[in-house]
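Please find below my note on the model under discussion. The points are numbered for ease of reply.

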Amino acid sequence: MAHRVTLIPGDGIGPELAEATRRVLDASGVEFDWEVAEAGEACIAEYGTPLPEHVLDSIRRNRIALKGPITTPVGEGFRSVNVTLRQTLNLYANLRPARSIQGLETRFEDVDLVIVRENTEDLYAGIEHMVGPDAAESIKIITRAASERIARFAFEYAVANRRRKVTAVHKANIMKLSDGLFLESCRRVAADYEGRIEFEDRIVDNMCMQLVQKPDQYDVLVLPNLYGDIVSDLCAGLVGGLGVAPGANIGADGAVFEPVHGSAPKYAGQNRANPTAMILSGVLMLRHLGYPDVAERVETAVRDVIAEGRTVTHDLGGDAGTAAFADAIVARLGS
Ligand code: NAD
């Protein structure tokens, strides 16, 4: 039976990447029935919002979506579609693996990190206001329930994927209450996995330094929302940049798979952007759907094409377009 999946192409480079990804996944052997749903700036004129209710309904119905990036207008106006989507559907876990790819020149060869970012609270709750004309206040929300839930997700991921260690990242030395609660929650959950999965914690600034010096010492990282956002981009940089960094937003009632990067407006419509991050997000989706072998095959095809280096996009040092790169992966899958 075909899997019905909501496909949100997004804007900027999104539609080109979505098309490339759809072609690769259709060539994987798993059958998909794509329900295309438009979201983003272009929807505002027709629906009065960049995230129409029928898009949310489609994801609620199918419980699974593949999404391209969507531009967030800076300053006043609409909230980020991406943040709204994660909060509305309670997609509380943001999973961002960062694994070295042979053929990409980076500082380290064997990086294999998994970033688990809390996706619903922290400063990202968006609770902020002006305090008089010259000061602004942003409120950081950390709850025991959300912190224990994300810690448990990280440990369960570690068990299911045979990882050895979870590191909790925080700034509890300064934010003793909020980050202190996050750390305490992680410790409490860690106790349930004692003897199976190692646990340690690091202060976020020290963590950043250590990650750029000795990333091989770390495995699964669990972080509150804001640190998770920043540290996961750092980890993407360790393995070749945003063009190759996949992601997943997972909740109890659904999951949305999307690349870490944004809509890169300057490359929109130029057949120039790298679809690897979105294709590898599709690989995470295949694993989530219960096709680990197919996922492995698609990931290997992507890695082989990059390692070969003949048909890769500009950001990877080649001159292939988005579509040609996808063609090379499809050909590899068929061979
Ligand atoms: P960006 O990720 O779009 O671009 C950062 C840099 O990386 C640029 O130099 C860009 O050209 C390059 N890049 C990104 N993806 C690439 C790819 N696939 N192939 C080749 N090069 C790639 O970040 P930005 O410029 O800060 O944001 C642009 C817009 O995207 C903003 O409106 C932002 O809010 C939005 N955004 C959306 C998401 C999302 O939809 N989940 C995530 C991040 C940013």
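1. A term should be settled before the pocket is described: helices and strands here are DSSP runs, of at least four residues for a helix and at least two for a strand, numbered from the N terminus. The model is a predicted one. With that convention, helix H9 gives five residues to the lining of the largest pocket, which is the largest share.

2. The largest pocket has a volume of about 710 Å³. Its lining comprises 30 residues, of which Pro97, Tyr157, Asn161, Leu284 and Arg287 are the closest to the centre. Two or more lining residues come from each of S4, S5, helix H5 (144–160), S11, H9 and H10.

3. Enclosed space should be considered separately. The structure contains three cavities of 30 Å³ or more, and the largest cavity holds about 50 Å³ of space. Among the residues lining the largest cavity are Gly40, Glu41, Ile44 and Pro50, together with Ile70, Thr71, Thr72 and Pro73. Phe78, Arg79, Ser80 and Val81 also belong to the lining of this cavity.

4. An open sheet is formed by ten strands in the order S2-S1-S3-S12-S11-S4-S5-S10-S8-S9, with mixed pairing. S2 and strand S9 (198–203) each have a single partner strand, so each of these edge strands has one side without a neighbour in the sheet. From one strand to the next, the twist averages 25°.

5. Within the sheet, the pairing of S1 with S3 is parallel and extends over three bridges. Ile8 has Lys67 in S3 as its bridge partner.

6. Two helices that lie across the strands deserve comment. H9 (276–288) lies across S1, S2, S3, strand S4 (93–99), strand S11 (248–250) and strand S12 (255–257), and runs at about 170° to S3. Helix H7 (residues 204–213) lies across strand S5 (112–118), strand S8 (165–170), S9 and strand S10 (220–223), and its angle to S9 is about 105°.

7. Does the end-to-end distance of helix H1 (residues 14–26) agree or disagree with the expected span? The two agree, because 13 residues at 1.5 Å a residue should span 18 Å and the end C-alpha atoms are 18 Å apart.

8. The buried residues of H1 are Gly14, Glu16, Leu17, Ala18, Ala20, Thr21, Val24 and Leu25. On the strand side, these buried residues pack against S1 (3–8), S2 (32–36) and S3 (64–67). Their helical partners are H9, H10 (292–308) and H11 (322–334).

Conventions: Residues are numbered from 1 along each chain as its sequence is written. This is a predicted model: local features need pLDDT of at least 70, side-chain atom pairs count only at pLDDT 80 or more; totals for chains, interfaces and linings use all residues. Side-chain values use heavy atoms; hydrogens and water are left out. The expected span of a helix is 1.5 Å times one less than its number of residues. Buried means under 20% relative accessible area, exposed over 50%, partly exposed in between (1.4 Å probe, protein chains only). Contact means heavy atoms within 4.5 Å. Two strands pair if DSSP finds at least two bridges between them. Axes are lines fitted to C-alpha atoms, for helices over the stretch in contact, and angles run from 0 to 180 degrees between N-to-C directions. On a 1 Å grid over the protein atoms alone, a cavity is a set of points where a 1.4 Å probe fits but cannot get out, and a pocket is an open set with protein on both sides within 12 Å along at least five of seven lines; lining residues have an atom within 4 Å of a point. Grid points are joined across faces, edges and corners, and a volume is the space filled by probe spheres set on the points.
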